[in-house]
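I opened the notebook to record, step by step, what I looked up in this model. The entries follow the order in which I went through the structure.

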Amino acid sequence: MVMTSIEGSSVLITGGGSGLGEAIARHFVALGARVTVAGRRGDKVEAVAASLGGLCRSVRGDVSIGEDRTAILDAALEHGSGLTTLINAAGNMYRGPLDELDEDRLLTLFHSNVVGPMKLTGQALPALRQSRGSVLFFGSVHTQRAFPGASPYAATKGALETLAGVLAAELGPSGVRVNAIRPGGVPTEINQRAGLGTDEENLKRMQGLASAHALGRIGTGQEIAEGAAYLATADWVTGTVLTVDGGLALGVTNA
Ligand SMILES: NC(=O)c1ccc[n+]([C@@H]2O[C@H](COP(=O)([O-])OP(=O)(O)OC[C@H]3O[C@@H](n4cnc5c(N)ncnc54)[C@H](OP(=O)(O)O)[C@@H]3O)[C@@H](O)[C@H]2O)c1
């Protein structure tokens, strides 16, 4: 298999100001990519870019807003002289019992997690066709294991995993690959941002999940970044969902 090289490629990472997006930015810059990180909080993406030097630039923007998507894409095209890889890592969490879900919050979640990434990917197509590049969506173990009360989040992640297949078929003829990655538990700020407890409470909850992973531990951003790098370079892999979860989706049951 001939692998595309990450060195010298142009990579746009939404949600690059924290968590898995930030870890991917660090890994891809270490491999020599020109990386643009985007997010709604300018200070977060600026701090990541400042710590990574000239190969990384930041742009403030919300993927659920059309004008922001244009600005995000323009920044990446300028910084990388084109676009090789679009990594849709931006995402939000919303949980609650089904009969208490707020419609506005549901729509906001779907706008951020599904509609925004779809529209951004559509806007990026001319550049991706030119580079015969690839797109990555973020699924979740929530599509494989049922977490009661997490239906809004799980539904958005199911949509993204489905998109990887449909868009791989739609864009394959123009040489654009589309995949998804399905992480297991990695401590990041997504739960805290959703108001689901303090940093400490969320870390404790995440660590409580360690034994549900076949490998007995939660993961690291670097481990997810290595999966993302594989999908960015595997020239004959499209329409797949790569599970990188320490065996969480297996649902290990010692009966
Ligand atoms: N951590 C896990 O265990 C895990 C497991 C499975 C899947 N995932 C997925 O991994 C992806 C990254 O999440 P994470 O865990 O790294 O959490 P995170 O640290 O909260 O990262 C998500 C990032 O997305 C940005 N973001 C959210 N909405 C946005 C919008 N509308 N426009 C632009 N940026 C936006 C956030 O920054 P701003 O608020 O500044 O915009 C934040 O930096 C998500 O899609 C998540 O669903 C995570």
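**Strand pairing**

I began with the strands and found that β2 and β3 run parallel, joined by five bridges. The model is a predicted one, and I kept that in mind for every entry below. As an example of the pairing, I looked up Val37 and found that its bridge partner in β3 is Ser58. I then checked how covered β3 is, and of the five residues in this strand (56-60), four are buried.

**Around the ligand**

Next I listed the shell around the ligand, which holds 30 residues, and noted that Gly15, Gly19, Arg40, Arg41 and Gly91 come nearest. Sorting the shell by element, I found that α1 (19-30), β2 (34-39), α4 (103-131) and α6 (190-193) each give two or more residues to it. The largest share, three residues, comes from α1. By residue class, I recorded 15 polar, nine nonpolar and six charged residues in this shell.

**Helix α8 and Gly221**

I turned to α8, which covers residues 221-233, and found that its 13 residues reach 19 Å from first C-alpha to last, close to the 18 Å expected at 1.5 Å a residue. Its buried residues are Gly221, Ile224, Ala225, Gly227, Ala228, Ala229, Leu231 and Ala232. I noted that these buried residues pack against α1, β4 (85-88), β5 (134-138), β6 (177-183) and β7 (241-244).

Why does Gly221 count as buried? I found 21 other C-beta atoms within 10 Å of Gly221, and it is buried because the cut-off is 20 or more. Leaving aside neighbours within four places in sequence, I listed Gly19, Leu20, Glu22, Ala23 and Val186 as the contacts of Gly221. For a longer view, I looked up Arg60, which is 161 residues from Gly221 along the chain, and the two C-alpha atoms are separated by 22 Å.

**The nonpolar core**

I then went to the largest nonpolar core, which has 58 residues, and noted that Ile24, Ala25 and Ala228 touch the most other members. Following Ile24 further, and not counting residues up to four places away in sequence, I found that it touches Ile13, Ile87, Ala89, Ala225 and Ala228. As background, I wrote down that nonpolar side chains tend to be buried together in soluble globular proteins.

**Helix α5**

For α5, residues 151-171, I recorded 21 residues and a reach of 30 Å from the first C-alpha to the last, close to the 30 Å expected at 1.5 Å a residue. Among the buried residues of α5 I listed Pro152, Tyr153, Leu160, Leu163, Leu167 and Leu171, and also Lys157 and Glu161. What covers the buried residues of this helix includes α4, β5, β6 and β7.

**Two positive phi values**

Last, I looked up backbone angles and noted that Ser81, although not a glycine, has a positive phi of about 50°. I placed Ser81 in the loop between α3 (66-80) and β4. Is Ser81 buried or exposed? I counted it as exposed, because it has 9 C-beta neighbours inside 10 Å.

Arg132 is another residue other than glycine with a positive phi, near 50°, and I placed it in the loop between α4 and β5. With 13 other C-beta atoms within 10 Å, I entered Arg132 as partly exposed.

Terms used. Residues are numbered from 1 along each chain as its sequence is written. This is a predicted model: local features need pLDDT of at least 70, side-chain atom pairs count only at pLDDT 80 or more; totals for chains, interfaces and linings use all residues. A residue is near a molecule or strand if its C-beta atom, placed from the backbone, lies within 6 Å of it. Ala, Val, Leu, Ile, Met, Phe, Trp, Tyr, Cys and Pro count as nonpolar, Asp, Glu, Lys and Arg as charged, and the others, Gly among them, as polar. The expected span of a helix is 1.5 Å times one less than its number of residues. A residue is buried if 20 or more other C-beta atoms lie within 10 Å of its own, exposed if 12 or fewer, and partly exposed in between; C-beta atoms are placed from the backbone. Two residues are in contact if their C-beta atoms, placed from the backbone, lie within 7 Å. A nonpolar core is a set of buried Ala, Val, Leu, Ile, Met, Phe, Trp, Tyr and Cys residues joined through C-beta atoms within 7 Å. Two strands pair if DSSP finds at least two bridges between them.
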